[in-house]
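Dear colleague,

I am handing over the structure we spoke about, and below it I have set out what a look at its charged side chains turned up. Please read the notes with the model open beside them.

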Amino acid sequence: MKKQYDIIAFGGFYLDINASDLPFGDEGVPIEKEIRGTSYGCLPGGSGINFIRALSRLHTSGLFIGMRGDDPVGTLAEELCAQEGLAVQLTVVPGRRTNIGLNMIGKTGGHTVYSLGNANQALDAQTLIPALV
């Protein structure tokens, strides 16, 4: 028998790399210039994962269903979910790359986001529906 959850979320699965206080201002990120920061954090991300994380803070059980690539980034992001106590059910998609979100915040609070990867595009009803049964 499968474990029961209060809520199930699905969607994009990312390894988010968040950096703040980077040396760029409201004019944006300059081109052809190296930007150095002193700190960053890595955590599993995507709206579904963030929702499950918020539920856990409210002592509500949630399960995230999604896709990841067959790469070290996917392995790391899945391990970080386990360390955080987030319940995930991830399908590994051969030949795909786990999505990475690069979230950079400048010294004045402006931010830019880059998204890399293609595993999210493999999530479809044929994969999702059997995971719900």
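**Salt bridges in the model**

Across the whole structure, which is a predicted model, a search finds four salt bridges. Three of them are described here, one after another.

In one of the bridges, the side chains of Arg 53 and Glu 84 come together with an N to O distance of 2.4 Å. This pair connects distant parts of the chain, since Arg 53 sits in helix α1 (residues 47–57) and Glu 84 in helix α2 (residues 72–84), 31 residues apart. Arg 53 counts as buried, because its relative accessibility is 6%, whereas Glu 84, at 37%, counts as partly exposed.

Helix α2 also takes part in another bridge, for Glu 78 lies in this helix and its partner Arg 68 in strand β4 (residues 62–69), ten residues apart. Their side chains meet at 2.7 Å, N to O. Here Arg 68 is buried, with 9% relative accessibility, while Glu 78 is partly exposed at 28%.

A further bridge joins the side chains of Asp 71 and Arg 97, with an N to O distance of 4.0 Å. Asp 71 belongs to the loop between β4 and α2, and Arg 97 to the loop between β5 (87–93) and β6 (99–106), so this pair ties together parts that lie 26 residues apart in sequence. With a relative accessible area of 5%, Asp 71 falls under the 20% cut-off and is therefore buried.

With best wishes

Terms used:
Residues are numbered from 1 along each chain as its sequence is written. This is a predicted model: local features need pLDDT of at least 70, side-chain atom pairs count only at pLDDT 80 or more; totals for chains, interfaces and linings use all residues. Side-chain values use heavy atoms; hydrogens and water are left out. Helices (H or I, at least four residues) and strands (E, at least two) are DSSP runs, numbered from the N terminus. Buried means under 20% relative accessible area, exposed over 50%, partly exposed in between (1.4 Å probe, protein chains only).
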